[in-house]
Amino acid sequence: MATLPVFRWRLAPDGYATRRQLRARGLRPGGQDVAAQLERPRRRRDPLIAYLYRIDLAKPVRPMTPARWAALAAANRARRICPACRRDAGYVIPAALGTCVPCAYPDPHGSEGITSHG
């Protein structure tokens, strides 16, 4: 296996880009291997590493088809359903909670979050 060229942070030559930089140009790596890497030194820790791809070998981003839009919408809808109470929470359920807020923090008085002022 050949070793990758390593460049210092912000000193990569033209013709290379990270995944995010490719995406900003409407491109994707397109199956190519990592061409080089950037290293940003840090004190008392390992350096940060960013992988670079060749821009000339990158391919255009695939367009979203109606089927892909539908699949994305279904996945986002599923993230709103509470696994405990099976109700649509109205928001994406945080992974840290795992359930909707009323299920994660039930009201000890059983008022379902409704307070009376009177």
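Start by selecting Cys82 and Cys100: the sulfur of Cys82 has its closest cysteine sulfur in Cys100, 3.6 Å away, which is too far for a bond. Keep in mind as you look around that this is a predicted model.

What kind of bond are we checking for here? A disulfide is a covalent bond between the sulfur atoms of two cysteines. To count as one, the two sulfur atoms must lie within 2.5 Å, so the 3.6 Å between Cys82 and Cys100 does not qualify.

Stay with Cys82 for a moment and turn on the surface. Is Cys82 buried or exposed? Cys82 is buried, because its relative accessible area is 0%.

Now add Cys103 to your selection. The closest cysteine sulfur to the one in Cys103 is again in Cys100, at 3.5 Å, and that is also too far for a bond. Cys103 has 27% relative accessibility, so this residue counts as partly exposed. How many disulfides does the structure hold? The number is 0.

Next, move to the surface and select Arg10, Arg40, Arg42 and Arg45. Together these residues form a positive surface patch. To find Arg10, look in the loop between strand E1 (6-8) and strand E2 (16-17). Arg10 counts as exposed because its relative accessibility is 75%.

For the last stop, select Leu4, Ile49 and Tyr51. Here you will find a nonpolar surface patch of about 260 Å². Color strand E5 (residues 45-54) and you will see Ile49 within that strand. With 41% relative accessibility, Ile49 counts as partly exposed.

Note on methods
Residues are numbered from 1 along each chain as its sequence is written. This is a predicted model: local features need pLDDT of at least 70, side-chain atom pairs count only at pLDDT 80 or more; totals for chains, interfaces and linings use all residues. Side-chain values use heavy atoms; hydrogens and water are left out. Patches are made of residues with over 30% relative accessible area and no salt bridge: like charges are joined within 9 Å, nonpolar side chains (Val, Leu, Ile, Met, Phe, Trp, Tyr) within 5 Å. Accessible areas come from the Shrake-Rupley method with a 1.4 Å probe; for residues, only the protein chains shown count as cover. A salt bridge is a side-chain nitrogen of Lys or Arg within 4 Å of a carboxyl oxygen of Asp or Glu. Lys and Arg count as positive and Asp and Glu as negative; His and the chain ends are not counted. The place of a charge is taken as NZ of Lys, CZ of Arg, CG of Asp or CD of Glu. Helices (H or I, at least four residues) and strands (E, at least two) are DSSP runs, numbered from the N terminus. Buried means under 20% relative accessible area, exposed over 50%, partly exposed in between (1.4 Å probe, protein chains only).
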